[in-house]
2 protein chains.
Amino acid sequence: MKAAKIVEPDESPRSKRRAILAAAVKNFGKNGYDATKWSVVADQVGIGQTALYHYFESKAHCLLTIMRLELQRSLEMFTKATADQPDPMEALRAAVRSAYAVSEQNVLQMRILQNNLAILAVPRNSKKEEAERLAARELVHGIEAAWTELLERGMAEGAFARRDPHTLALNMLGMIVSVWRWYRPKGLVTLSSVSELTEDCCVRMVAP
Amino acid sequence: MKAAKIVEPDESPRSKRRAILAAAVKNFGKNGYDATKWSVVADQVGIGQTALYHYFESKAHCLLTIMRLELQRSLEMFTKATADQPDPMEALRAAVRSAYAVSEQNVLQMRILQNNLAILAVPRNSKKEEAERLAARELVHGIEAAWTELLERGMAEGAFARRDPHTLALNMLGMIVSVWRWYRPKGLVTLSSVSELTEDCCVRMVAP
DNA sequence: TCGTAAACTGAACTGAACTCAGTTGTGGGA
DNA sequence: TCCCACAACTGAGTTCAGTTCAGTTTACGA
């Protein structure tokens with residue numbers, strides 16, 4: 001259960017790590033991971049291609065880091081949102097709303113996460129990549145477990161209809177995150193309308 | 001609306017096209033598209049790497065073909081399932097069930113589809129790849145439109161609660177297909193139990 | 001049996017990711 | 001003020017999966 005905790009490397013003031021992550025998010029999010037040339041990220045940050053390797057072992061290591069960071073944030077937001085909600089239904093509503101209370105950068109990161117989840121399935125060769133991959137998997141598992149637990153609690157209290165809580169949690173999560181595939185900040189559908197509709201869908205899914 | 005129809009190349013008896021597609025599905029589905037070496041597919045089919053290019057312009061062309069074929073099948077199944085269901089609720093139930101009435105090969109293809117949907121967003125350089133991409137996009141749009149239409153019909157008849165039918169359709173589809181990310185034929189959860197639960201979820205989502 | 005098109009091949013090429021063997025620059029201690 | 005350690009960076013070169021090229025082989029209908 002315990003995965004080696006990833007310690008964020010301390011950032012010296014002249015470190016370009018954040019700039020690289022930001023540029024990578026922008027490119028991976030817009031054009032996709034594969035379609036993005038690692039050298040273009042270097043250009044945008046204003047360094048040579050080889051300097052990237054001072055911060056990340058590989059393009060994949062950077063991707064995995066982005067994914068892990070976003071998963072960390074998601075789990076934190078869920079925990080914070082549901083922490084002081086004794087009523088399971090209110091906790092569920094808060095959880096859904098927290099999933100959509102995100103910045104534009106987070107939207108991109110969620111999209112990257114969705115589009116590259118498959119990378120978490122296969123072991124990596126490099127140490128650091130594998131560490132990030134395992135941390136990310138652990139977080140995915142943590143998020144799924146947290147949702148499952150919430151549903152179980154609601155079922156135990158009679159607030160939710162009884163069903164297989166884990167599969168139901170996966171269904172809910174699948175619906176909630178599927179939005180990042182198509183949602184665009186400048187699109188016709190607003191995030192708040194998605195949030196409202198999805199919250200309602202989730203409530204209906206558990207109603208006794 | 002009209003995309004150039006892709007004509008399936010007629011298969012001579014000694015064509016290895018099907019064998020290549022089957023091997024590619026197996027590998028892309030198990031290890032992911034990126035992690036799969038194109039040359040390994042050639043090995044498994046029993047031909048040299050270069051012979052692959054007799055059938056597909058590129059690895060991506062093969063991937064796009066697999067995705068397009070699966071999308072075609074999905075749309076056909078939806079249409080067939082809902083065709084003679086005058087009652088919207090019954091049509092919805094039939095649609096969900098049809099989504100899970102699949103072979104093991106289809107499971108892999110759906111997984112590949114899910115994991116590589118992002119490739120449909122960015123134009124391709126080669127003619128054939130671009131043709132497959134556009135055909136696939138068209139099919140995605142067609143599937144979304146078909147679900148939206150079904151929901152609209154239900155709402156118009158008063159059988160479903162009134163909401164934005166398109167966003168609701170995307171939510172449903174997102175939930176339904178998210179299953180392919182985690183479902184494994186030899187796993188603990190059976191497809192039929194997933195199908196039942198998800199059918200129920202969808203019905204609850206539209207209930208007036 | 002011959003012509004031809006599909007099926008195939010080994011060798012060479014390409015380009016993006018990555019490695020190597022260093023150089024530059026900056027902040028902290030004597 | 002100098003110097004050192006180490007983060008930050010670089011240009012040249014390597015690797016390797018995907019791809020192209022310039023053909024050869026094989027099956028089959030005329």
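Trainee: Which residues come nearest to DNA strand C?

Mentor: Trp38(A), Ser58(A), Ser15(B), Gly48(B) and Thr50(B), out of 18 residues around the strand. A residue is near if its C-beta atom, placed from the backbone, lies within 6 Å. This is a predicted model: local features need pLDDT of at least 70, side-chain atom pairs count only at pLDDT 80 or more, and totals for chains, interfaces and linings use all residues. Residues are numbered from 1 along each chain as its sequence is written, and chains are lettered from A and ligands numbered from 1 in the order in which they are written.

Trainee: Which elements give two or more residues to that surface?

Mentor: Helix H2 (38-45) and helix H3 (59-83) of chain A. Helices are DSSP runs (H or I, at least four residues), numbered from the N terminus.

Trainee: New topic. What turn lays chain A on chain B?

Mentor: A turn of 180°, with a shift of 0.0 Å along the axis and an RMSD of 0.0 Å. The two copies are therefore related as by a two-fold rotation axis. The superposition is by least squares on C-alpha atoms of residues with pLDDT of at least 70 in both.

Trainee: Which residue of chain A comes closest to the axis?

Mentor: Met175(A), at 2.1 Å (C-alpha).

Trainee: And how many residues does the contact take from each chain?

Mentor: 30 from chain A and 30 from chain B. Contact needs C-beta atoms, placed from the backbone, within 7 Å.

Trainee: Where does the largest share of chain A's side come from?

Mentor: H7(A), with 10 residues.

Definitions and conventions: Two residues are in contact if their C-beta atoms, placed from the backbone, lie within 7 Å.
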